[in-house]
Each structure stands twice: as C-alpha cells, then as structure tokens.
Amino acid sequence: MYEAVFLALHFRQLRADDKNKSVLPLSFSLSFALMAALRRSLGVFLPASKHFLNSSLLANANPCHLTPARGFKLDGCNFDADSSSPDEITKIRNEFEEAKKNFLNIPAALKEMPTMNPEGIYVNKNLKLDDLHVYGFDYDYTLSHYSEHLQVLIYYLAKKHLVHELKYPDSCLQFEYDSKFPVRGLYYDRQKGCLLKLDFFGSIETDGCFHGRRKLTLDEIKELYGTRHIGRNHQRGLVALMDFFCFSEACLIADIIQHFTDAKLDFDASYVYEDVNHAIQHVHRSGLVHRQILAEPHKFLVKNERVVQFLQMLKEKGKKLFLLTNSPFYFVDGGMHYMLEDYIGNGSSWRELFDVVIAQANKPTFYNSEYPFRCYDIEKDTLAFTPVDKLLPNEVYYHGSLKSFLQITKWKGPEVIYFGDHLFSDLRGPAKAGWRTAAIIHELEDEIKIQNSESYRFQQAKLHIILELLGKIHATVVSTEKGQIYKSLLNELNLERQKCRAAMRDLFNSSFGATFLTDTGKESSFAYHIHQHADVYTSKPENFLAYPPESWLHPPYDVKIMPHHVKVPGRLFKGS
Ligand SMILES: [Mg+2]
C-alpha cells in the first residue's frame with residue numbers, strides 16, 4: 001500500500017538559490033494521486049469514486065481506516081451497515097478498556113523482538129558489492145569524523161563575523177550554540193523567517209514550525225500559511241538546510257530572529273539568511289575554521305582505525321580508490337594525517353591508499369561543468385598551467401569536472417560508488433551521472449538506538465493498537481447518528497494517539513523530533529531525499545567492513561517507512 005501511494009505521487013522539485021540548497025518535494029494533485037494509487041492498490045474492491053471520506057487513511061495507510069460503501073469486506077474489517085449498532089461501539093470500548101490494562105505493563109515479547117543495527121547498511125536500491133570496482137569518497141563528514149566542538153566553533157566564528165564585519169548588534173555575541181535545537185533537513189522560509197520541518201508531501205509538521213526559538217501553534221501556522229501544505233507561492237522563499245554546517249546555521253538564524261523579535265526591531269527575514277549564510281561561507285573560505293581545526297586536531301577530529309582497515313581492505317581486493325572533496329588540500333592532508341596515519345603502518349602516508357586525489361572540486365558544479373583539472377604543487381601552493389591528461393596517484397589535482405574525470409579514468413557508471421554526506425553535492429550529482437551512491441548520515445546511529453529502546457517500541461506497539469481501534473470505529477459508524485458514546489470513545493482514542501506520538505517524538509530532538517520521521521510516522525522531507533538519491537545509507541563508511549565484499553545488498557521486502565524502521569505489532573499487548 002505504502003509503495004503504491006509513494007509511486008503515485010508526482011513530485012516537482014524546486015531548484016532555488018545559487019547554492020542549490022533549496023529543493024523540496026512539492027505539491028501535486030494530492031487527493032487525485034492518492035485516490036488513483038489506492039484504487040490500483042486495492043484493485044477490484046474500490047469503485048472509481050464516492051466511497052472515500054476519511055483522511056486518517058493518509059496518516060495510517062490502514063485499509064480499516066477507509067469508510068467505504070456498505071457491504072464491503074476488506075482485510076478483516078466489517079463494513080456492513082448493520083455493524084453500526086451501539087453494540088459495536090460497546091465492543092470497541094471493551095477492547096480499548098482491556099488494552100489500557102495491558103498498557104500498564106511492557107509485554108515480555110517486546111524484549112525478544114529483533115532490533116536494527118545502528119551501524120548497519122540500509123538499502124534503497126539493490127547493490128551488488130562484487131560489481132563495484134571504484135570507490136570514491138568525500139572528505140568532510142564522510143571520511144573525517146568531527147566532534148561536537150566543530151558546530152560550536154562554526155557558530156562562534158560566524159556570530160563574530162556578523163557583529164564585527166556586518167555590524168549586527170554587539171548583544172549577538174551573547175548567543176550560545178544549542179545542539180539540542182536543530183536537526184538536519186529543515187527549511188528556512190526567507191519571507192516569513194520560520195524554520196520548518198516538512199514531510200515528504202511538502203506539508204509543515206504540526207510541531208515543526210519555529211519563528212526564532214518559539215514554536216508556532218497549529219492556529220498560528222494556519223494563519224501564516226493558510227494551510228499546512230506549502231503552496232507554490234511559498235516554495236520560492238524556502239532554502240533547505242541539509243549540509244554539514246546546517247546545525248550551526250539553523251541555530252544562528254533562529255537566535256537572531258528571536259533576538260530581533262524580542263527587541264521589536266524591524267527586519268527583513270531574507271537578509272538574516274543571506275547574512276548568516278555569508279558569515280558561515282566566510283569562516284570556511286577564509287580558512288578560519290580549517291586553521292582552528294588543524295591547530296587543535298585532538299579537539300575537533302576523531303581518530304579512526306576502522307576506516308583505515310576499510311580502505312586497506314578495498315586496496316587488497318584490487319579496488320580503485322579516489323578522494324573528491326571541496327576542501328583545500330592542506331586541510332585534508334592535515335586531517336587525514338592526524339586521523340589515519342597511526343594505523344597505516346610502515347610509516348606510510350594516507351596518500352598511498354588513493355589512486356586519485358582531487359581537492360577544491362567545487363561540487364556540485366563539478367558534475368555538470370567542463371572545468372579542466374589543474375595539477376597542484378603542494379610545496380609551492382601553486383597550480384600548474386599544463387593540461388592534465390592523466391590522473392596520477394602521486395599528484396594532487398584541483399577543480400576539474402565529471403566529464404574530464406570519466407574521459408581520463410574510463411571509470412564508468414555503475415562500477416563506481418561514491419560516499420558522501422551532502423544530499424545535493426555528494427548524492428544527487430553522482431546519481432545522475434550513473435554512479436552508485438552511499439549516503440553517510442552520522443545521526444542515523446543515534447536515531448536507530450532510540451528506535452531500539454524499550455520505551456520507544458512500547459509506545460509504537462501501543463500506538464498500533466490505538467490506530468487499529470480508530471480504524472474500527474471509523475469503519476463502523478457510517479450511517480447512524482454519531483451519538484455521545486461514539487464521540488467520547490473517539491475523543492479518548494484520539495487523545496491516546498496524540499500522547500503516544502508525543503512520547504515517541506520526545507525521545508528524539510526536543511524541538512523538531514526525529515530526522516527521518518514526522519510526528520505522524522511518515523517520511524520527513526529529508527528522508528524522502530535520501531530515498532531518492534542514495535542507493536544505500538549508513539552512519540559511517542567503515543560500516544561496510546561488516547559486509548563480505550561479494551554481498552548482494554537488498555532492500556527489506558516489507559519496508560514500512562525507511563529501510564531502517566521496524567514494525568512493532570500491537571498484538572504484543574493482546575493476551576499479555
Ligand atoms: Mg561532506
């Protein structure tokens with residue numbers, strides 16, 4: 001059912017600003033697409049129109065949540081008009097009361113259910129590792145692991161730039177980075193100054209709209225946007241915050257908006273974004289962040305023996321390796337030396353692990369430009385004028401383009417896999433070029449650990465029962481008056497559903513919830529992009545060490561939301 005719905009949707013993407021950062025799965029004829037998909041999915045059971053009414057179907061993808069024509073039977077749900085008797089409501093009430101007693105205890109079976117591996121590889125599209133002969137890697141947040149201090153540093157340097165260079169009020173220097181506030185994959189509305197978390201339909205999450213640091217209520221969202229669904233008029237003003245500075249960027253934007261709002265200053269929300277983005281770009285391009293990291297590598301970088309083992313294993317298997325990064329070579333060289341060289345042995349350099357090293361590649365422009373490569377002189381810090389027609393292992397190259405890269409190396413499409421953390425710079429471009437892609441998402445590990453926790457699964461199973469009962473009550477009352485007994489049961493069930501969802505959400509980020517999920521258990525917009533652009537995703541490249549090189553990686557046959565999500569059935573509570 002889910003796949004049918006998913007496939008029926010026709011997303012349109014918005015290419016927005018100059019940095020390619022604003023891409024959003026956008027609006028379409030939602031009701032039409034869903035109806036068409038459901039008709040196809042349910043086949044002969046559903047006539048072409050009329051018999052749909054309940055939007056809870058969209059939230060739960062449960063056939064019991066349909067209220068179809070009389071006399072239908074679907075997956076065990078009785079839709080006979082006679083079932084709308086008060087007795088039926090009493091039966092559901094009794095089931096609910098029985099379930100509530102069971103909710104007091106965590107079912108023993110819950111503890112025995114399999115958990116997902118936080119360091120697993122999760123598969124969107126089949127991937128046969130044997131067929132891969134070339135492995136490419138991004139550097140920042142892919143091969144390099146940073147500590148949390150890095151976001152604090154970026155935030156700190158950017159706010160100083162805003163005050164000292166862009167003449168923001170000195171009071172902005174009091175701001176502190178709050179790691180608990182942002183998640184990856186938010187959107188900033190340049191017109192209204194709001195940070196938004198969207199689902200894969202392009203709708204604002206009920207609890208996912210902040211103006212500054214203040215969460216807006218549902219009524220405020222509706223007043224501001226008219227509806228939770230982002231329409232065309234608003235799409236143009238959105239920028240996606242999905243790269244590795246998005247955490248400090250989102251936090252700084254929110255802090256400034258809040259500060260200006262509290263001070264009752266008149267300001268244009270689009271300039272706040274322009275200035276913060278400029279400040280963050282500046283602290284990187286000027287080398288401020290790079291120099292600070294290299295000055296205190298122990299504070300910012302994480303040494304990594306397993307990634308050395310992974311790269312060495314690939315070399316031993318005869319694979320070709322290349323590094324393709326936007327960072328300057330001195331920064332990459334310093335970081336790789338610190339992180340890896342204790343473990344390489346024989347006094348060897350990290351450079352010996354790679355067949356080609358390309359720095360300052362200017363991704364994503366790299367993928368569709370025709371810039372030539374230039375050979376970089378490490379000693380003199382200069383670029384050569386001579387044309388590059390070979391990419392040699394003992395040289396370092398700057399700039400270039402995918403077109404030149406393919407012409408010189410002859411490394412073709414699906415034999416190449418590229419590992420990266422940035423949706424648009426590392427995944428979308430290579431995917432379009434026919435390379436296979438592996439998304440590196442560090443947050444995945446923590447999110448899976450939360451999903452594996454007893455408290456989360458307990459709420460999941462409980463929610464499942466509530467949704468089942470809601471499905472029954474919606475399916476039962478079709479033609480009768482919705483009397484008080486019905487209303488009070490429906491209200492109680494809805495309240496219980498909200499409590500479950502809130503409890504599950506609170507286990508993740510306290511402001512925006514989970515990165516991959518919305519509060520209603522749908523794919524977030526970020527998850528949608530991962531689904532679309534990454535063949536596989538995992539928390540770190542070295543997780544591949546656990547998979548034999550001849551493995552054939554398949555998506556799970558019963559994907560519920562994303563491949564790393566699990567189903568926890570409500571029946572665990574029955575009879576416990
Ligand atoms: Mg990166």
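This report walks through the nonpolar cores, some paired strands and two annotated residues of a predicted model.

## The main core

Let's start on the inside. The largest nonpolar core has 120 residues. Ile154, Ala158 and Ile253 are the residues with the most contacts inside this core. Helix α10, which spans residues 246-262, supplies the largest share, 9 residues. Where does this core lie with respect to domain 1 and domain 2? Domain 1 (134-145 + 301-410) and domain 2 (149-295) both give residues to the core, so the core lies between them.

Apart from this core lies another one, of 13 residues. Its members include Ile89, Ile465, Cys500 and Met504.

Ala158 is a good residue to find in the structure. Leaving aside neighbours within four places in sequence, Ala158 is in contact with Ser248, Leu252, Val276, Ala279, Ile280 and Val283.

## A pair of strands

Now look at strand β10, residues 238-241. Leu238 and Ala240 point one way from this strand, while Val239 and Leu241 point the other way. Are these residues buried or exposed? All of them are buried.

Strand β10 pairs with strand β6 (residues 186-189) in the antiparallel sense, over 4 bridges. To see one of the matches, find Tyr188: its bridge partner in β10 is Val239.

## An open sheet

The model also has an open sheet of 10 strands with mixed pairing. Reading across the sheet, the order is β3-β18-β17-β16-β5-β11-β12-β15-β13-β14. At the edges are β3 (122-123) and β14 (382-383), each of which pairs on one side only.

Within this order you can pick out β12 and β15. Strand β12 (residues 356-359) and strand β15 (residues 396-399) run parallel and are joined by 2 bridges. Ile358 stands opposite Tyr397 in β15.

## Two annotated residues

Which residues does the UniProt annotation "active site" cover? In this unreviewed entry, the annotation covers Asp138 and Asp140.

Asp138 sits in the loop between β5 (134-137) and α6 (139-143). Because Asp138 has 27 C-beta neighbours inside 10 Å, it counts as buried. Not counting residues up to four places away in sequence, Asp138 touches Leu324, Thr325, Phe419, Gly420, Asp421 and Asp426.

Asp140 has its place in helix α6. Why does Asp140 count as buried? Asp140 is buried because 22 other C-beta atoms lie within 10 Å, and the cut-off is 20 or more. Again not counting residues up to four places away in sequence, Asp140 touches Phe244, Thr325 and Ser327. Thr325 therefore appears in the contacts of both Asp138 and Asp140.

Conventions: Residues are numbered from 1 along each chain as its sequence is written. This is a predicted model: local features need pLDDT of at least 70, side-chain atom pairs count only at pLDDT 80 or more; totals for chains, interfaces and linings use all residues. A nonpolar core is a set of buried Ala, Val, Leu, Ile, Met, Phe, Trp, Tyr and Cys residues joined through C-beta atoms within 7 Å. A residue is buried if 20 or more other C-beta atoms lie within 10 Å of its own, exposed if 12 or fewer, and partly exposed in between; C-beta atoms are placed from the backbone. Domain bounds come from an automatic or database domain assignment. Two residues are in contact if their C-beta atoms, placed from the backbone, lie within 7 Å. Two strands pair if DSSP finds at least two bridges between them. UniProt positions are given in the numbering used here, feature names are shortened, and annotations may be inferred rather than shown by experiment.
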